[in-house]
Amino acid sequence: MAKEVDQACYALITDLKQRGLLKDTLVVWGGEFGRTPMAQGNGRDHHIKGFSIWLAGGGIKPGITHGATDDFGYNAVENVVEVHDLHATMLHLLGVDHERLTFPFQGRQFRLTDVSGHVVKDILA
């Protein structure tokens with residue numbers, strides 16, 4: 001599906017950069033889940049062990065790749081970023097400390113990143 005959205009993503013980032021807005025705008029591209037690398041019947045199943053998301057602008061180091069899957073694209077094996085890490089990093093880039101942002105629910109304080117989540121500093125500019 002990347003080929004179908006590639007031109008539009010390029011146009012968005014190019015436009016933001018030309019207008020001087022990319023440094024202050026965090027662009028996040030991803031889906032709701034990964035897809036298994038192999039066909040299963042008429043399609044591919046939901047996959048939680050390895051999928052791709054890309055970030056641009058807003059304090060992200062440009063032109064890098066962070067993380068990798070195994071040779072089959074099945075398991076994340078290098079620089080694994082959990083969902084809570086991604087959320088902690090995005091909140092950090094928006095100026096929010098994910099450990100201090102809490103809300104009351106059923107008698108206790110909850111965080112958006114639950115009891116985990118670390119800012120992925122290797123991808124920050």
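Here are some short exercises on this predicted model, each with a worked solution.

**Exercise 1. Describe the overall layout of the protein chain: how many helices and strands are there, and in what order do they run?**

Begin with the count: the protein chain holds two helices and eight strands. Next, read the elements off from the N terminus, which gives α-β-β-β-β-β-β-α-β-β. For the extent, the C-alpha trace spans about 45 × 40 × 25 Å along its principal axes. Then turn to the contacts: taking those between residues at least 6 apart in sequence, 58% join residues at least 24 apart. Finally, look at the surface: about 9,400 Å² is accessible, and carbon and sulfur atoms account for 54% of that. Of the 125 residues, 21% count as buried.

**Exercise 2. Work out which residues of helix 2 are buried, and what they pack against.**

Helix 2 covers residues 83–93, and its buried residues are Asp85, Leu86, Ala88, Thr89, Met90 and Leu91. Follow these buried residues outward and you reach strand 1 (27–29) and strand 4 (54–56), against which they pack. Now check Val83, which also belongs to helix 2. Val83 has 44% relative accessibility, so this residue is classed as partly exposed. Just after the helix, one backbone detail is worth a look: Gly95 adopts a positive phi of about 85°.

**Exercise 3. Find the largest nonpolar core and list its residues.**

A general tendency makes a good starting point: in soluble globular proteins, nonpolar side chains tend to be buried together. In this model, the largest such core is made of seven residues, namely Leu55, Ile60, Leu86, Met90, Val120, Ile123 and Leu124. Take Leu124 as a probe of the surroundings: setting aside residues up to four places away in sequence, Leu124 touches Gly59, Lys61, Thr89, His92, Leu93 and Val119.

**Exercise 4. Locate a nonpolar patch on the surface and give its accessible area.**

The patch consists of Val28, Phe51, Ile53 and Val83. Together, these residues have about 300 Å² of accessible area. Val83 is the residue of helix 2 you met above.

**Exercise 5. Trace the surroundings of His98 and Thr113: is each of them buried or exposed?**

Place the residues before anything else. His98 lies in the loop between helix 2 and strand 7 (102–105), while Thr113 sits in the segment after strand 8 (108–111). His98 has a relative accessible area of 6% and Thr113 has 0%, so both fall under the 20% cut-off and count as buried.

Then compile the contacts, leaving aside neighbours within four places in sequence. For His98 they are Ala88, Leu91, Arg111, Thr113, Ser116, Gly117 and Val119. For Thr113 they are His84, His87, Ala88 and His98. To finish, examine the polar side: the His98 side chain comes to 3.3 Å from the backbone oxygen of Gly117.

**Exercise 6. Find the salt bridges in the whole structure: how many are there, and which residues form them?**

The idea behind the search is that side chains of opposite charge can pair when their charged atoms come close. Searching the whole structure gives two salt bridges. One joins the side chains of Asp15 and Arg19, with N to O at 2.7 Å. The other links Lys23 with Asp24, where the closest N and O atoms are 3.7 Å apart.

Last, assign the accessibility classes. Asp15 is partly exposed because its relative accessibility is 31%, and Arg19 is exposed because its relative accessible area is 59%. Lys23 and Asp24 are both exposed.

Definitions and conventions:
Residues numbered from 1 in each chain as written. Predicted model: local features only at pLDDT ≥ 70, side-chain atom pairs only at ≥ 80, totals over all residues. Heavy atoms only, no water. Core = buried A, V, L, I, M, F, W, Y, C linked by side-chain atoms within 4.5 Å. Buried < 20%, exposed > 50% of the residue type's maximum accessible area, 1.4 Å probe, protein only. Contact = heavy atoms within 4.5 Å. Helix = DSSP H or I, 4+ residues; strand = E, 2+ residues; numbered from the N terminus. Patch = residues over 30% accessible without salt bridge, like charges linked within 9 Å, V, L, I, M, F, W, Y side chains within 5 Å. Areas by Shrake-Rupley, 256 points an atom, 1.4 Å probe, with all protein chains shown as cover. Salt bridge = Lys/Arg side-chain N within 4 Å of Asp/Glu carboxyl O. Polar contact = N/O pair within 3.5 Å; in protein donor to acceptor, adjacent residues only side chain to side chain.
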